[in-house]
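Student: I should like a close look at a single part of this structure, namely one pair of strands and whatever surrounds it. Please begin with the pairing itself and then work outwards to the rest of the chain.

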Amino acid sequence: MNRKFLSLTAAAFIAGSAFVPLSKASAETAAKSIQNEESAVQESISGKQNEIAKIAENEKQLQSDMDKISAKIRQTNQKISEKTQEVSNAHDEVASLNAKMKETQKRIEERNNVLARRARDIQQNGGLDSYLNVLLESGSLSDFVSRAAALTTFVQADRAILKAQEKDSQTLNAAKAEVEKKLQKVQSDLSELQELKEENKYRFADQKSLKAALKEQKQAVAAELARLKDKEASLNAEEKAALAELESKQAAAAPSDAAKPSAPQDREQEDSASSGTGAGRGPDGSNGKTAAHTHKEKAKPGSRAKHVARVSSFSDSGRSSNNASGTVEKAISAGSALIGHTSYKMGGGRTKSDIANGIFDCSSFVHWAYAQVGVDLGGSGANTDTLAGLGQVVSASQMKRGDLVFFDTYKYNGHVGIYLGGGKFLDCNSSDGVSIDNMSSGYWKKCFNGVVRRVVK
């Protein structure tokens, strides 16, 4: 038995009746109330199902973002593995060169000792004169030739030692230069390796935040949908009971009231019943929305207005307080006070509870910091996309303290912070919460996309 049957039965019975018992009217009223509430619940269920469909679309996008992050993590891990091997190879080469340098140095020292002994012998035996005496003291021509040959051998040996010394010295100097070059490469590779590991740290944190946000969103909507379906089932049971009671009242009143003419009041009830349940409009000619639903729709702009009233309005022209520098410094000071006292949560920072517990994401943190000094950056629902559309476009070469700077992390303009000057910016990131980071090197330099917005002039 459905609502259409109830409406037709009630209208037909009222048309042929001059008097409706109070108990029957109460049953009718209860049935209509249940139907109205059931209609509101079904409308809510439809809304939640649409929300689930949107979440499914968001889930695909988030999954795509997470897949991209995973791919970048894999690429980074591969680079880390390659760089780690290069560093290890460089260390091995440096160790080998150091060993060769030690051998060369040892040979040089041994030759130096030989040359030192030879110099002492020459000095002790009269220096160069001793060589002449050796030749002059020869007893014959053959003896002279033999002595000359012996002296030549000594001189050539000394010359060979000197040449070997020179060659080894050159080898040693070249090895030292090579070692220095290898060590510089090791340092460069280690620095790059550190940047890759830092990049992975942020990407892992972003992926974790995305997954947590998606899971929480799905669980919340699923729980609400289950609650609404339980309520729908309960209302269906109540409706059946009310319809059964109405049928019973109609059956009891039919024999005595069938011949009585219809009263004008009954006609009005018939019109009301017909317009209320058949045409889908309420007694006031509305489109059938329940009072609770209408109240809910009115409540939304009210809460928004309350937020906007707390902070001064801010248009895209970039107007703010008269003392722009003071406003910026106060906003930075308010944000800096949270360093070390916050945790990151994607979608966080948009409720009083989150703010009280130091839970933010990057966009809600920036919004909060400026809201503390009366600058409204698009309401509490501000995100990186909306923030990127505020204020004045500024080139990266002209940015100054207080400007909003954007980074391509898990998506285009996926992260935002407040520029501090000197290549530093204040932000709330997925790895460290509110912190001061360097956009002149490492991960943030790589992610900075050049998008800068001046929201206070």
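Tutor: Strand 5 and strand 6 run antiparallel and are joined by three bridges. This is a predicted model, and the description that follows should be read accordingly. Within this pair, Gly421 stands opposite Lys424 in strand 6. The two strands form a hairpin with two residues between them, and Gly422, in the turn, has a positive phi of about 65°.

Strand 6 also has a partner in strand 7, which comprises residues 433-438. The sense of this pairing is antiparallel, and it extends over six bridges. Two of the facing positions may be named: Phe425 stands opposite Asp437 in strand 7, and Cys428 stands opposite Val434 in strand 7. Here too the connection is a hairpin, with three residues leading from strand 6 to strand 7. As for its surroundings, strand 6 has five of its six residues buried, so it is largely enclosed by the rest of the structure.

The loop between strand 4 and strand 5 holds a residue of interest, Asn413. Most residues other than glycine have a negative phi. Asn413, which is not a glycine, has a positive phi near 55°. The residue also counts as buried, because its relative accessibility is 6%, where the limit for that class is under 20%.

The next matter is the packing around these strands. The largest nonpolar core has 39 residues, and those that touch the most other members are Phe365, Val366, Tyr370, Leu377, Leu387, Leu404 and Ile418. At least two residues of this core come from each of strand 4 (404-407), strand 5 (415-421) and strand 6 (424-429), and likewise from each of helix 2 (22-124), helix 4 (141-257), helix 7 (324-336) and helix 9 (362-371). Helix 9 gives the largest share, six residues. Apart from this core lies another, of 13 residues, which includes Val405, Tyr419, Phe425 and Met439. Phe425, already met opposite Asp437, is thus a member of that second core.

Helix 9 deserves attention in its own right. Ten of its ten residues are buried, so the helix is largely enclosed by the rest of the structure. Among these buried residues are Phe365, Val366, Trp368 and Tyr370, together with Ser363, Ser364 and His367. Tyr370 offers a detailed view of the packing: leaving aside residues up to four places away in sequence, it touches Val328, Ala331, Val375, Leu377, Gly402, Leu404, Ile418, Val455 and Val456. Of these partners, Leu377, Leu404 and Ile418 also appear among the core residues that touch the most other members.

The empty spaces complete the picture. A search of the whole structure finds three cavities of 30 Å³ or more. The largest cavity holds about 70 Å³ of space. Its lining consists of 13 residues, with Asp206, Tyr344, Thr409, His415 and Ser430 nearest its centre. Helix 4 and helix 11 (442-447) each contribute at least two residues to that lining. By class, the lining of the largest cavity has seven nonpolar residues, five polar and one charged.

The largest pocket contains about 680 Å³ of space. It is lined by 25 residues, and the closest to its centre are Leu62, Ala213, Met346, Gly347 and Tyr410. Two or more residues of this lining are given by each of helix 2, helix 4, helix 9 and helix 10 (384-387). The pocket lining divides into seven nonpolar, ten polar and eight charged residues.

Finally, the part examined here may be placed within the chain as a whole. The protein chain has eleven helices and eight strands. Of its 457 residues, 36% are buried. Among contacts between residues at least 6 apart in sequence, 71% join residues at least 24 apart.

Note on methods
Residues are numbered from 1 along each chain as its sequence is written. This is a predicted model: local features need pLDDT of at least 70, side-chain atom pairs count only at pLDDT 80 or more; totals for chains, interfaces and linings use all residues. Side-chain values use heavy atoms; hydrogens and water are left out. A nonpolar core is a set of buried Ala, Val, Leu, Ile, Met, Phe, Trp, Tyr and Cys residues joined through side-chain atoms within 4.5 Å. Buried means under 20% relative accessible area, exposed over 50%, partly exposed in between (1.4 Å probe, protein chains only). Helices (H or I, at least four residues) and strands (E, at least two) are DSSP runs, numbered from the N terminus. Contact means heavy atoms within 4.5 Å. Two strands pair if DSSP finds at least two bridges between them. On a 1 Å grid over the protein atoms alone, a cavity is a set of points where a 1.4 Å probe fits but cannot get out, and a pocket is an open set with protein on both sides within 12 Å along at least five of seven lines; lining residues have an atom within 4 Å of a point. Grid points are joined across faces, edges and corners, and a volume is the space filled by probe spheres set on the points. Ala, Val, Leu, Ile, Met, Phe, Trp, Tyr, Cys and Pro count as nonpolar, Asp, Glu, Lys and Arg as charged, and the others, Gly among them, as polar.
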